Amino acid sequence: MKQLMLGNAAAARGMYEAGCEFISSYPGTPSTEITEEAAKFKEIYCEWAPNEKVALESAFGACLAGRRSFCGMKHVGLNVAADPLYTMSYTGVNAGLVVGVADDPGMHSSQNEQDSRHHAIASKIPMLEPSDSEEARSFASLAFELSEKFDTPILYKMCTRVAHSQSIVEPAERSVPEHKKYEKNIQKYVMAPANAIRRHPFVEQRMKDIEEWSCTSGINRVEKAASGSSLSDIGVITSSTSYQYTKEVLGDEVNILKLGMVNPLPAKMIRDFAKGLKKIIVIEELDPIIENFCRSLELGVEVHGKDMFPICGEFSQNIIARAFGKKVDEGKKLEEQIPVRPPIMCAGCPHRGMFYALNKLKVTVFGDIGCYTLGSVAPLSAMDVTLCMGASFSGVHGWNKSAGEENEKKTVAVIGDSTFMHSGMTGLATIAYNQSNSTVIVLDNSITGMTGHQQNPTTGKNLYGNPAGRVDLEALAHAMGINRVRVVDPYNIAECEQAVKEELEVQEPSLIISRRPCALLKEVKPNPPLVVDEAKCKSCKMCMKIGCPAIAMKNGKAKIDPTLCVGCGVCSQMCKFDALKA
């Protein structure tokens, strides 16, 4: 029976139908729901790994054991997994191995706008790219078949719009192939230089074979322009959501080569497609990968792409319509100016008190990736640098080794508990090993908050919410060589301020654990909301300096929204007139 299904849910359905039995992933928007949806199928074992590298290596081990396996991540996570990925291209697989990566054009929830097709090209691994939920389902099954047919991992590329939009899907039954027996093969799986040298020619020939397959398999298809169309001498080459926008705007006015496999690109098919056309227009988000490939083929026709379309951000129907000279309605404009609403930490967020203390102390803060990155937003403005997952501890170490004693006493690093497990431990190891006088803070909110409350190795629960092994952060820090470890309650501003002051003064590495669970966790019961005693309120606006969305100024007095306030009491510590009470 046909169903309306989210792209990520359809991808999970495709994994299920293909007989996938093992999934290891690291949560990252917009890829997270693939693993969460797959976990609903009892036939698939699913887990959250500490990071993407570990997840991919685990999936590789499962595929060697003869089980079809999947590993999911977002585009920046593929950077973390690149080391095993590039070598898996040489080893090949046993059972099928699919590596899901979700790009984020427009950077809705990401620190960069990279194009994962570059990884496919550089690693010499084929990449499939669905354009809607039905293809997300069917391509998942196809990916496993191709993986086993050509002895290769398969990159399965989603993007924000496909992952988080819904379209019609026609589910199929699950089919589990016979488990592939593992056979010891040192020349294939032990990538010492002598063996790797022999595997490289296999990789090159495999890419040629896959390209030949893609030209005739139907994964890439040509849609002819309607007879009599004024644009029938134009050919559009496109994929993913760009294909959907093209069809909405142009229908069958132009000839379209719709690509479902974006690496390797089908040279022969593109040459045949270009014959008899006046020009080729490549419509692709982000980098001009298809466009540059078409230019390299010297097709003998005009090739256009980024001269017509932007290299940054998401595309839309209007962008394509304008490029083809079609009229675009301006739309309706509001007469009144709507104020900007930047993202902020939630009411009762446990990070707020610590960030207020850091702002008050005027320290330089090396930040990291997580919901606590919002500590950079006014009025807290308590973050100076955010680079990538785990970079805060490594960065503050380099700073403190270089900037001199005066500066090291004014600098800290912050990282979340999940991000610390992802890639912060090695930064802490270098601080302990190389002995920089660094004060670092783990913002432990007992969950992976930014991507939607996934468990991590510090929470004591697995993906299913069942009891699991738990990393003891204090014991871990001591074991790594950090002698000074202290725990503070971020709802206590004075305690946070005192801890930071004292640790900045010592002449050795120190770790502060700012520990309180996320206010949005189901098991966290809120306190009664605070109320404002207007007779005592002096309109000083001190309570506004913590940036809590539950507090506003109305008619010259502080006002607390009882539907938002969780009674954390941080704001009451700001008030010198005792106007905020439970």
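Ser240 is found in helix H10 of this predicted model, and the backbone at Ser240 has a phi near 50°, a positive value in a residue other than glycine. With a relative accessible area of 5%, Ser240 falls under the 20% cut-off and is therefore buried. The helix to which Ser240 belongs is mostly covered, since eight of its eleven residues are buried; in addition to Ser240, the buried set comprises Thr241, Ser242, Tyr243, Tyr245, Thr246, Val249 and Leu250. Just after H10, a positive phi of about 55° is taken by Gly251.

Within H10, which spans residues 240-250, Thr246 was examined further. Thr246 has a relative accessibility of 0% and so counts as buried. When neighbours within four places in sequence are left aside, the contacts of Thr246 are with Val236, Thr238, Gly251, Ile256, Ile283 and Ile320; Gly251, one of these partners, is the residue with positive phi just after the helix.

Helix H1, formed by residues 7-17, presents a related case: eleven of its eleven residues are buried, so that H1 is largely enclosed by the rest of the structure. The buried residues of H1 include Asn8, Arg13 and Glu17, along with Gly7, Met15, Tyr16 and a run from Ala9 to Ala12. Just after H1, Gly19 takes a positive phi of about 85°.

At the level of the whole protein, the secondary structure consists of 19 helices and 24 strands. For a chain of 582 residues, a compact globule would have a radius of gyration near 25 Å, and the value of 27 Å computed for the protein agrees with this expectation. Taken along the principal axes, the box filled by the C-alpha atoms is roughly 80 × 65 × 50 Å. Of the 582 residues, 54% count as buried, and the accessible surface comes to about 25500 Å², with carbon and sulfur atoms contributing 52% of that area. Among contacts between residues at least 6 apart in sequence, 75% join residues that are at least 24 apart. The charged side chains number 64 positive and 68 negative, and the centres of the two sets are separated by 2 Å.

The largest nonpolar core has 62 residues, and those with the most contacts inside it are Met354, Phe355, Leu358, Phe393 and Ile441. For Phe393, again with neighbours within four places in sequence left aside, the contacts include Ile441, itself among the most connected residues of this core, together with the flanking residues Val440 and Val442. Further partners of Phe393 are Ala413, Val414, Ile415, Phe420, Gly424, Gly427, Leu428 and Ile431. A second, separate core of 43 residues includes Ala49, Leu56, Phe60 and Leu85.

Several further features concern the loops. Ile369 lies in the loop between strand S15 (364-367) and strand S16 (385-386), and its relative accessible area of 11% means that Ile369 is buried. Although Ile369 and Gln111 are 258 residues apart in sequence, their C-alpha atoms are 8.5 Å apart in space. Gln111 is also one of the contact partners of Ile369, which, beyond neighbours within four places, include Thr386, Leu387, Cys388, Met389, Thr419 and Met450. The loop between S15 and S16 also holds Pro379, and the peptide bond from Ala378 to Pro379 is cis, with omega near 10°. Another cis peptide bond joins Asn263 and Pro264, where omega is about -5°; Pro264 is placed in the loop between strand S12 (261-263) and helix H11 (267-274).

A positive phi in a residue that is not a glycine also occurs at Ser446, with a value of about 65°. Ser446 is found in the loop between strand S18 (439-444) and helix H18 (473-479), and its relative accessible area of 26% places Ser446 among the partly exposed residues, whereas Ser240 is buried.

Partial exposure is likewise computed for Ile319, which has a relative accessibility of 24% and is found in helix H13, residues 317-323. The C-alpha atoms of Ile319 and Met308, eleven residues apart along the chain, are separated by 9.4 Å. Leaving aside neighbours within four places in sequence, Ile319 is in contact with Phe309, Pro310 and Glu314.

Definitions and conventions. Residues are numbered from 1 along each chain as its sequence is written. This is a predicted model: local features need pLDDT of at least 70, side-chain atom pairs count only at pLDDT 80 or more; totals for chains, interfaces and linings use all residues. Side-chain values use heavy atoms; hydrogens and water are left out. Helices (H or I, at least four residues) and strands (E, at least two) are DSSP runs, numbered from the N terminus. The radius of gyration is taken over C-alpha atoms; the globule rule is 2.2 Å times the number of residues to the power 0.38. Buried means under 20% relative accessible area, exposed over 50%, partly exposed in between (1.4 Å probe, protein chains only). Contact means heavy atoms within 4.5 Å. Accessible areas come from the Shrake-Rupley method with a 1.4 Å probe; for residues, only the protein chains shown count as cover. Lys and Arg count as positive and Asp and Glu as negative; His and the chain ends are not counted. The place of a charge is taken as NZ of Lys, CZ of Arg, CG of Asp or CD of Glu. A nonpolar core is a set of buried Ala, Val, Leu, Ile, Met, Phe, Trp, Tyr and Cys residues joined through side-chain atoms within 4.5 Å.
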